[in-house]
Amino acid sequence: TFFDSDFKDIPKEKLKKEILAYIKSLILVQKPNKIDYLVDIVWEQEIHTIYFKKEKTSYLKFYTKQTQNKTITSYALSIVGFRKLLTNIISELLHRNNGFMLHSSAAKIGNRVDIFAGPSGAGKSTIAGMLKDRYPVLSDDISIIRKEGGKYYFYQTPFVDKAFWIKNKREKYSLGRVFFLRKAKYFRIMKLADKEKVVKLMLMLFEDHYIGKEYRLKLTKNILGFTAEYNDFYYLNL
């Protein structure tokens, strides 16, 4: 919700235009029957900051989480800040609903979507570029995995991919193989049956990102459930 203000010089329309353009492929024309989360964007006449004298660094107030399903932020928000806020909200909703986001690229091969997981520099974008001429590439950085009705599905995120040619849609796809990328001098695919190793590989993908204790517990629970129930895990040497 974009709230009005008595001040005419606030960047309301500019921010609104940027946000709507950013997530245009996922906007619903009609209001849904159920709203999972509310974000109120308001004008705050006094913008709160925290200044750390030793580091000579000032931090701008980001948002206030009013309830479990409602956050308030201000027009000081940038489109980069909005992306981070949206990431937090989607992650929270997924954790409540048997899902999680995973650093991976993805391509529709046959009737299922294979994903290629790895940290920065592992080759996710390289794989996407190699496959795009033969298969529809659906992600080059982040994928959503969610369990529904006893099956696992892949969803695209609402984020703009680094690869501009990837088009975001609201469709869900049956999940196929999960590949963990490794640097090597030779190309090879190997079945990964060690579930303990799979859990470690998946959790390693979140080590470079700060996540709170509660967030990590929910994430770990969903990853453990996914790993226990799913069996199509592989190493892919590049």
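This is a short tour of a predicted model, stop by stop, with a selection to make at each one.

**Stop 1: two helices**

Select residues 12-22, helix H1, and residues 79-96, helix H2. The two pack with their axes 10 Å apart, at an angle of about 50°. That angle makes H1 oblique to H2. Check the hand of the crossing: H1 and H2 cross in the right-handed sense.

Now show side chains at the contact. From H1, pick Leu15, Glu18, Ile19 and Tyr22. From H2, pick Ile79, Phe82 and Arg83, which they meet. Colour this set by residue class. The contact of H1 with H2 has 5 nonpolar residues, 2 charged ones and no polar ones.

**Stop 2: the open sheet**

Keep H2 on screen and add the strands. What is the order of strands in this open sheet? Reading across, it runs E1-E5-E4, 3 strands with mixed pairing. Select 38-42 for E1 and 63-67 for E4. These are the edge strands, and each pairs on one side only. Look along the sheet for its twist: neighbouring strands are turned by 25° against each other on average, direction ignored.

Next, select residues 70-74, strand E5. E4 and E5 run antiparallel and are joined by 4 bridges. For one pair to label, take Thr64 and its bridge partner in E5, Ile72. Then bring H2 back into view. H2 packs on this sheet and touches E1, E4 and E5. The direction of H2 makes about 30° with that of E4.

**Stop 3: E9, E10 and E11**

Move on to residues 142-148, strand E9, which is antiparallel to E10 and joined to it by 5 bridges. Label Ile144: opposite it, in E10, stands Tyr155. Go to the turn of the hairpin. There are 2 residues between E9 and E10. Which residue of this hairpin takes a positive phi? Select Gly149, where phi is near 60°.

Select residues 151-155, strand E10, and colour by accessibility. Of its 5 residues, 4 are buried, so E10 is largely enclosed by the rest of the structure. While side chains are on, recall a rule for reading strands: in a regular strand, side chains alternate between the two faces of the sheet.

Finish with residues 172-182, strand E11. E10 pairs with E11 over 3 bridges, again in the antiparallel sense. Label Tyr153 and, opposite it in E11, Ser174.

Notes
Residues numbered from 1 in each chain as written. Predicted model: local features only at pLDDT ≥ 70, side-chain atom pairs only at ≥ 80, totals over all residues. Heavy atoms only, no water. Axes fitted to C-alpha atoms, helices over the stretch in contact; angles between N-to-C directions. Parallel < 35°, antiparallel > 145°, perpendicular 65-115°, else oblique. Left-handed = near helix turned anticlockwise from the far one by under 90°. Contact = heavy atoms within 4.5 Å. Nonpolar A, V, L, I, M, F, W, Y, C, P; charged D, E, K, R; others polar. Pairing = 2+ DSSP bridges. Buried < 20%, exposed > 50% of the residue type's maximum accessible area, 1.4 Å probe, protein only.
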